[in-house]
Amino acid sequence: MLVLALDTATPASTAALVEVTVDGLAGVAERRTVDPRAHGEKLAPEIAAVLADAGLRPRDVTAIVAGVGPGPFTGLRVGLATAASMGQALGIPTYGVCSLDALGRAAGPGRVLIATDARRREVYFGTYADGERVTGPEVAKPADVAALVRGATGGSLPAGVLVGAEEAGGGTSMAGLVERAAGEGALKYGDVFGVPVEEHLLYPPGAALVALAAERIRAGAPSEALTPLYLRRPDAVEPSARKAVLT
Amino acid sequence: MRDEPLVLGIETSCDETGVGIVRGHTLLADALASSVDQHARFGGVVPEVASRAHLEALVPTMQRALDEAGVTLADVDAIAVTSGPGLAGALLVGVAAAKGYALAAEKPIYGVNHLAAHVAVDTLEHGPLPEPAVAMLVSGGHSSLLLVDDLTAGVTPLGATIDDAAGEAFDKVARLLGLGFPGGPIIDRAAREGDPASIAFPRGLTAAKDLAAHRFDFSFSGLKTAVARWVESRERAGEPVPVADVSASFQEAVCDVLTAKAIDACRANGVGTLVIGGGVAANSRLRVLAEERAAKYGIAVRVPRPGLCTDNGAMVAALGSHLVKAGVAPSRLDLPADSAMSLTAVSVPG
Ligand SMILES: [Zn+2]
């Protein structure tokens with residue numbers, strides 16, 4: 001089964017073709033452009049390019065997987081609108097996966113913090129143990145991330161998944177809670193988190209996006225509405241009482 | 001392709017998600033989803049709220065349009081989408097979706113100008129547009145006078161508002177009268193019971209000194225302030241505010257300026273056809289006054305029915321169909337959403 005993976009939840013626009021077989025995945029082609037303001041312009045040509053790279057046509061695609069964020073809203077919607085419209089036009093199922101999960105999965109074994117830039121000096125983040133999400137996704141100031149991870153893990157998780165607060169000590173450092181971090185938000189705020197950053201793993205990889213939906217794809221699960229993980233409400237204020245114009 | 005192209009149009013520049021399908025000048029489907037109710041309590045369109053609503057509405061709206069027209073995406077000859085001007089985030093949802101449809105169905109895509117689409121929609125009701133024509137587009141987002149020499153090539157802006165859009169003035173006055181949102185239809189209704197000559201509100205940019213630099217431009221901000229002052233002094237004096245008279249006098253001021261400048265633009269350019277579009281074109285007084293004044297100079301006024309005046313997908317499809325028929329090259333897949341798109345090109349060049 002040929003699967004198209006799209007993600008625009010970070011400054012990267014990613015389009016990938018991945019072959020899903022009964023017992024594995026094989027990357028076919030992948031294109032990525034890193035430009036936080038160009039998702040709308042870059043993504044569609046990238047999709048056309050990966051198809052051309054593989055010598056395939058849109059009708060050869062049998063399912064679409066899209067990263068539903070969290071991520072800056074405007075860019076995030078580009079990937080989801082593109083995935084949903086292609087799914088509708090081709091009559092094929094679409095599946096949503098958390099974009100942070102793709103990074104968490106790609107990060108592999110161990111306890112890892114995944115953080116992407118949420119702008120306004122905040123990050124979208126989640127923590128992962130051996131590729132599986134333990135906390136999140138949430139949005140917070142980098143300095144508050146450690147406290148949130150500690151609070152979220154306090155007693156509710158099996159022992160040994162994450163280290164407890166008393167072991168980790170106070171302060172904002174992530175040391176003790178996670179052993180390393182990945183994602184472009186982790187790179188940007190690396191000094192705040194105080195753990196090693198995997199600089200090769202900044203954006204959700206296509207194969208990891210598809211891996212997260214592989215079971216659904218193989219089972220022929222029903223198509224899903226691609227609902228963005230906004231995590232923030234729209235900025236909108238109700239007008240206050242009329243301002244006087246007479247002085 | 002049969003002789004008449006089958007074109008699908010997508011519109012998401014403000015708070016309406018529209019998908020229209022036309023064959024030549026024939027309207028086959030016009031599906032619309034509006035987020036207007038979600039903006040009401042904010043007294044104006046909130047861009048992020050509109051963008052979220054577009055994403056949710058697009059696929060179902062597309063499905064309704066296809067069902068209504070009894071066609072599939074495979075039957076379509078081209079896909080047109082509003083590339084600008086409009087709210088950046090809102091435009092981007094429609095442009096991204098249009099690219100997805102075009103890519104998947106392997107169809108050409110046209111990124112088109114929203115204002116030109118407001119002009120083109122009239123052809124669905126009244127047939128080919130005599131060129132040159134003057135177009136007046138008045139809505140919550142725009143107030144423009146355009147000279148249309150050739151709708152496939154480019155449109156010449158003659159003038160525009162220098163502050164508030166006409167529809168915005170209706171919204172603001174409705175709010176200060178405590179009447180609700182959107183203000184256009186509410187003021188129109190309230191004005192029916194009022195005397196348009198009861199209060200002399202100012203006519204922006206009509207004084208001789210303003211006409212020299214702003215002959216075809218509009219200004220509604222001073223009018224809005226004048227209404228606010230008038231209402232406030234009444235309230236301070238402890239007197240009741242005659243809502244119907246204020247509405248009628250305000251509406252008269254807006255329509256007087258709009259029609260006077262539109263007719264002047266026709267005469268100055270030797271043009272015999274005036275097309276009016278945009279949400280404010282649905283205003284009953286504007287239509288009557290425009291026809292009354294145009295008749296004196298033998299100018300024909302064309303106003304599409306109200307449902308086609310407001311933002312919709314049919315207008316985008318209509319312009320797309322016009323471009324396909326004229327053999328204009330499609331845009332490329334990297335076409336941008338351009339919130340400030342100029343009118344020098346009616347579509348994004350390929
Ligand atoms: Zn409009």
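Begin in chain B of this predicted model by selecting helix 6 (residues 166–176) and helix 7 (residues 183–191), whose axes come within 8 Å and cross at roughly 65 degrees. The crossing of helix 6 of chain B and helix 7 of chain B is left-handed.

Next, display the side chains at this contact. Helix 6 of chain B contributes B:F170, B:D171, B:V173 and B:A174, while helix 7 of chain B contributes B:G183, B:G184 and B:I187. Colouring the residues of this contact by character gives four nonpolar, two polar and one charged.

Now move to chain A and select strands 6, 7, 8 and 9. These four strands of chain A form an open sheet in the order 8-7-6-9, with mixed pairing. At the edges are strand 8 (132–140) and strand 9 (180–182) of chain A, each of which pairs on one side only. On average, neighbouring strands of this sheet are turned by 20 degrees against each other, direction ignored.

Within the sheet, isolate strand 7 (residues 123–129) of chain A together with strand 8 of chain A. The two run antiparallel and are joined by six bridges. Strands of a sheet pair through backbone hydrogen bonds, either parallel or antiparallel, so a backbone view suits this stop. For a particular position, pick A:V123 and look across to strand 8 of chain A, where A:A140 stands opposite.

Finally, add helix 3 (residues 99–107) of chain A to the selection. Helix 3 of chain A lies across strand 6 (111–117), strand 7, strand 8 and strand 9 of chain A. Relative to strand 6 of chain A, helix 3 of chain A runs at about 145 degrees.

Methods. Residues numbered from 1 in each chain as written. Chains lettered and ligands numbered in written order. Predicted model: local features only at pLDDT ≥ 70, side-chain atom pairs only at ≥ 80, totals over all residues. Heavy atoms only, no water. Pairing = 2+ DSSP bridges. Axes fitted to C-alpha atoms, helices over the stretch in contact; angles between N-to-C directions. Contact = heavy atoms within 4.5 Å. Left-handed = near helix turned anticlockwise from the far one by under 90°. Nonpolar A, V, L, I, M, F, W, Y, C, P; charged D, E, K, R; others polar.
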